[in-house]
Amino acid sequence: MTDSRSGRCLCGEVNYNFTGEPNWAIYCHCESCRRATSSPVAVWLSVPTDALRFDTGAPRYYASSPGVRRGFCGTCGSQMTYENDSLKGEVHLLVASLTDPNAIVPNR
């Protein structure tokens with residue numbers, strides 16, 4: 001598994017990897033993502049839900065709005081995932097949580 005397909009939280013308690021190629025990678029400037037990440041922009045990549053595996057630990061989840069849950073490390077608080085009921089079959093990962101975030105180039 002290459003570093004571009006693995007990631008972790010700040011403290012290292014939650015580690016993940018995914019197989020295959022991402023569906024897409026984008027910049028998001030919406031208010032919800034800005035507040036969740038405490039930054040002016042979030043960079044996400046989408047992978048099929050069944051391609052993602054948590055190797056160690058597991059995220060805790062927060063329902064940030066109806067049908068949306070955001071995954072984070074329960075120890076250090078690092079934001080890691082976004083899932084939306086209207087986007088079945090995919091999970092979004094914060095590119096900043098990747099071992100090698102420079103390997104991902106957002107396309108929009």
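# Two sheets and what packs around them

Biologist: How many bridges join β7 to strand β8?
Modeller: Strand β8 takes in residues 79-84, and β7 and β8 run antiparallel. One of the pairings puts G71 opposite T81, its bridge partner in β8. A strand here is a DSSP run of E, at least two residues long and numbered from the N terminus, and two strands pair if DSSP finds at least two bridges between them. The number joining β7 to β8 is 5.

Biologist: What kind of model are we looking at?
Modeller: Residues are numbered from 1 along each chain as its sequence is written, and side-chain values use heavy atoms, with hydrogens and water left out. Local features need pLDDT of at least 70, side-chain atom pairs count only at pLDDT 80 or more, and totals for chains, interfaces and linings use all residues, this being a predicted model.

Biologist: Which residue in the turn between β7 and β8 has a positive phi?
Modeller: These two strands form a hairpin, with 6 residues between them. The positive phi in the turn is about 85°, and it belongs to G77.

Biologist: And on the other side of β7, which residue in the turn between β6 and β7 has a positive phi?
Modeller: Strand β6 (residues 60-65) runs antiparallel to β7, joined by 4 bridges. R60, for one, has F72 as its bridge partner in β7. This hairpin has 2 residues between its strands, and the phi of about 80° is that of G67.

Biologist: Is β7 mostly covered or mostly open, and how many of its residues are buried?
Modeller: Buried means under 20% relative accessible area, exposed means over 50%, and partly exposed is in between (1.4 Å probe, protein chains only). Strand β7 spans residues 68-72 and is mostly covered, with a buried count of 4 out of 5.

Biologist: Where do these strands sit in the sheet, and which strands stand at its edges?
Modeller: The open sheet has 6 strands with antiparallel pairing, in the order β3-β4-β9-β8-β7-β6. Each edge strand has a single partner, so one side of it is left without a neighbour in the sheet; the two are β3 (24-28) and β6.

Biologist: What about the sheet of 3 strands: how much does it twist on average from one strand to the next?
Modeller: Its order is β1-β2-β5, again open and antiparallel. The edge strands, pairing on one side only, are β1 (6-8) and β5 (52-56). With axes fitted as lines to C-alpha atoms, and angles running from 0 to 180 degrees between N-to-C directions, the twist averages 25°.

Biologist: Which residues have the most contacts inside the largest nonpolar core?
Modeller: A nonpolar core is a set of buried Ala, Val, Leu, Ile, Met, Phe, Trp, Tyr and Cys residues joined through side-chain atoms within 4.5 Å. The largest one has 15 residues, and the ones with the most contacts inside it are Y16, F18, L45, V47, L52, L93 and L98.

Biologist: How many residues are in the other core, apart from that one?
Modeller: Its members include W24, I26, W44 and V68. The count for this core is 9.

Biologist: S97 comes after β9, so to speak, but is it buried or exposed?
Modeller: The segment after β9 (90-94) is where S97 is found. Its side chain makes a polar contact (N or O atoms within 3.5 Å, one able to donate a hydrogen and the other to accept it; residues adjacent in sequence count only through side-chain atoms on both sides) with the side chain of Y16, at 2.7 Å. The side chain of S97 also reaches the backbone oxygen of L94 at 2.7 Å. Its relative accessibility is 7%, so S97 counts as buried.

Biologist: Which residues does T75 touch, beyond those up to four places away in sequence?
Modeller: T75 lies in the loop between β7 and β8 and is exposed, with a relative accessible area of 52%. Its side chain makes a polar contact with that of E13, at 2.8 Å. Taking contact as heavy atoms within 4.5 Å, T75 touches C11 and E13.

Biologist: How many disulfides are there?
Modeller: A disulfide is a pair of cysteine sulfur atoms within 2.5 Å. The sulfur of C73 is 3.6 Å from the closest cysteine sulfur, in C9, which is too far for a bond. By this rule the count of disulfides is 0.
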